Amino acid sequence: MEETDEEATIDEIKYRGIRAMPFVIGNETFEKLGTIGSSSNLLVYLTSIFHLKTITATNIVNIFNGTCNFGTLLGGFLSDTYFGRYKMLGFASVTSFLGMLVLTLTAAVSKLHPPECGGNQEATPCVGPTTGQMTFLLGGFCLLVIGASGIRPCNLAFGADQFDPNTESGRRGISSFFNWYYFTYTFAMMVSLTVIVYVQSSISWSLGLAIPTIMMFLSCALFFVGTKIYVRLVPKGSPLTSVAQVLVAAFKKRHLQLPQQPCFSLFNYVASNSLNSMLPYTDQFRFLSKAAIKTPEDHLNSSDGSAVNPWRLCSIQQVEELKCLLRIIPIWVAGTIYYVSVVQSQNYAIFQALQSDNQLGHFHIPPASFIVISMLSITIWLPIYDRVLLPWLRKFRRKEGGITLLPKMGIGIFLSIITMIISGIVENKRRTLAMTQGKGAISSMSGLWLIPQMALSGLSEAFTLISENEFFYKQCPENMRSIAASFFFVGLAGSSYLSSFFSSVVHKTSNWLAEDLNKGRLDCFYYLIAALETLNLGYFLLCAKWYKYKGVSK
């Protein structure tokens, strides 16, 4: 009987590559338009339509965003262990659509949200939501959390799965896919923060939430239409069980000495149905290699040569898979610290814009619109890099990727330092003009001077974020790629908390972050972040020098 893609081993799979991209990219574009369009203006929706207090609405949005990011760990684990990325994406996409539908209904149906303030009588006070209305709203948020927890760790890895990693064209396709994925992501962000937010705030919340819901429906439709084309890898058991077995076995054999030539003497076994590529022995984390020392007490199954007790004897392959994970963690830490500069530069750029001259002729530029500049720089840069610069780098350096992943991340971190320095210089100029030539709290400096720092911030993200996601995908064992993708979102959540903590400490110990920027010293704060990122770059360079790419021995 002919095997289907779902039943086939990894060697028998027919990779469709570019043929699957219209469905994958289309699905992800509409999904991003839907999810970002629904969530980007939630704070305003909760305060203006549900009449929640600012602190209550802020807490709900923070909890929602944090849970979505941390939930990716569970979603990635379930995908890699039980369901596979295709089934997880299908379930999560439908769940997200239902969550958006619930959110739309809270705006469209009058009984599902509080009455408008005032009504026919000006003295009528604002009425908060009833228990039923709040329960229905939070139910929609729960559906969105479940959907995000499944989509975020799987969609990028699922798209990359469509290319054959064993061919040159397949490896190039994977690299290009990561670039185009973020192109669609930033495009969706720009549309959501401009068109959809405008519709929600100025025309109708019902229509403004219905548009993302329709986009999510189209995303689901496109995803399922391409079902017969997709490569669908099926999990082969819990990857975390293998990790635990190595740790337990290494602890039990901690007093044993490694042989002189571990790569030839240690137990080596690879299951015939394994999804993971063969990994050579490496000398890093040598204490873990003791898990593969075969003693007289260790016995093998006569049928396939596997260990009778895998909690006492593990293979070199299992040990090296765990080492891959451990080597990734220091790089992940550097990425998390890097995100602090991204968060701070975007947040405080809005405050800078609020106290700058934003008139462009007869048109007033909304302060929040300056964030779009960083996204615009990404959308302009990525096609140029992918279609012009990358082919030249491949030819010049004679490497498939043009620039390897860790140097690309290093370039991004370096650009973040330059971004912070420029931000400090511009802020110093803005504050000086506000104190000497400004009109009240507003500086006479044009807000257009914020464009360089925002454009550089976007360029920095294009190097670092894309490279980090591709790094996680390629360097993690194949059976843990969904879990690896969740590292990125957990890092985002951690950087948000770290940014809040950092800002709070600076605010309590200095006057740099005053409510009125003219009375504070935001420029000094920017220089402080530049110093932090300089230390982070030094740490990253040490980690990059120490790091061994997957498949490289010794």
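This report describes salt bridges and a nonpolar surface patch in a predicted model.

## Salt bridges overall

Side chains of opposite charge can pair when their charged atoms come close. In this predicted model, the structure holds 12 salt bridges, and several of them are described below together with the exposure and the position of their partners.

Among the salt-bridged residues, K253, E297, D298 and R312 are linked to one another in a network.

## A buried pair within helix α13

E427 and R430 form a salt bridge in which the closest N and O atoms are 2.9 Å apart. Both residues belong to helix α13, which covers residues 405-436, and because they stand 3 residues apart in that helix, about one helical turn separates them.

Which relative accessible area does E427 have? The value for E427 is 0%, so this residue is buried, and R430, also with a relative accessibility of 0%, counts as buried too. Buried here means a relative accessible area under 20%.

## A buried pair between distant parts of the sequence

The side chains of K550 and E478 also meet in a salt bridge, with a distance of 3.6 Å from N to O. K550 is found in the segment after α16 (522-546), whereas E478 is in the loop between α14 (451-475) and α15 (481-509), so this pair ties together parts that are 72 residues apart in sequence. Both partners, K550 and E478, are buried.

## A partly exposed pair

R286 and D283 are joined through their side chains in a salt bridge with an N to O distance of 3.6 Å. Are these two residues buried, or partly exposed? R286 has a relative accessible area of 38% and is therefore partly exposed, and D283, with a relative accessible area of 37%, is likewise partly exposed. The class of partly exposed residues lies between the limits of under 20% for buried and over 50% for exposed.

## A nonpolar patch on the surface

Apart from these charged pairs, the surface carries a nonpolar patch of about 490 Å², made by V94, L98, L101, L105, V109, F136 and F224. Which helix gives the largest share of the nonpolar patch? That share, 4 residues, comes from helix α3, which covers residues 54-108.

One of the residues of the patch is L101, which has its place in helix α3. L101 is partly exposed, with a relative accessible area of 33%; because a patch residue needs over 30% relative accessible area, L101 meets that cut-off.

How values were computed: Residues numbered from 1 in each chain as written. Predicted model: local features only at pLDDT ≥ 70, side-chain atom pairs only at ≥ 80, totals over all residues. Heavy atoms only, no water. Salt bridge = Lys/Arg side-chain N within 4 Å of Asp/Glu carboxyl O. Buried < 20%, exposed > 50% of the residue type's maximum accessible area, 1.4 Å probe, protein only. Helix = DSSP H or I, 4+ residues; strand = E, 2+ residues; numbered from the N terminus. Patch = residues over 30% accessible without salt bridge, like charges linked within 9 Å, V, L, I, M, F, W, Y side chains within 5 Å. Areas by Shrake-Rupley, 256 points an atom, 1.4 Å probe, with all protein chains shown as cover.
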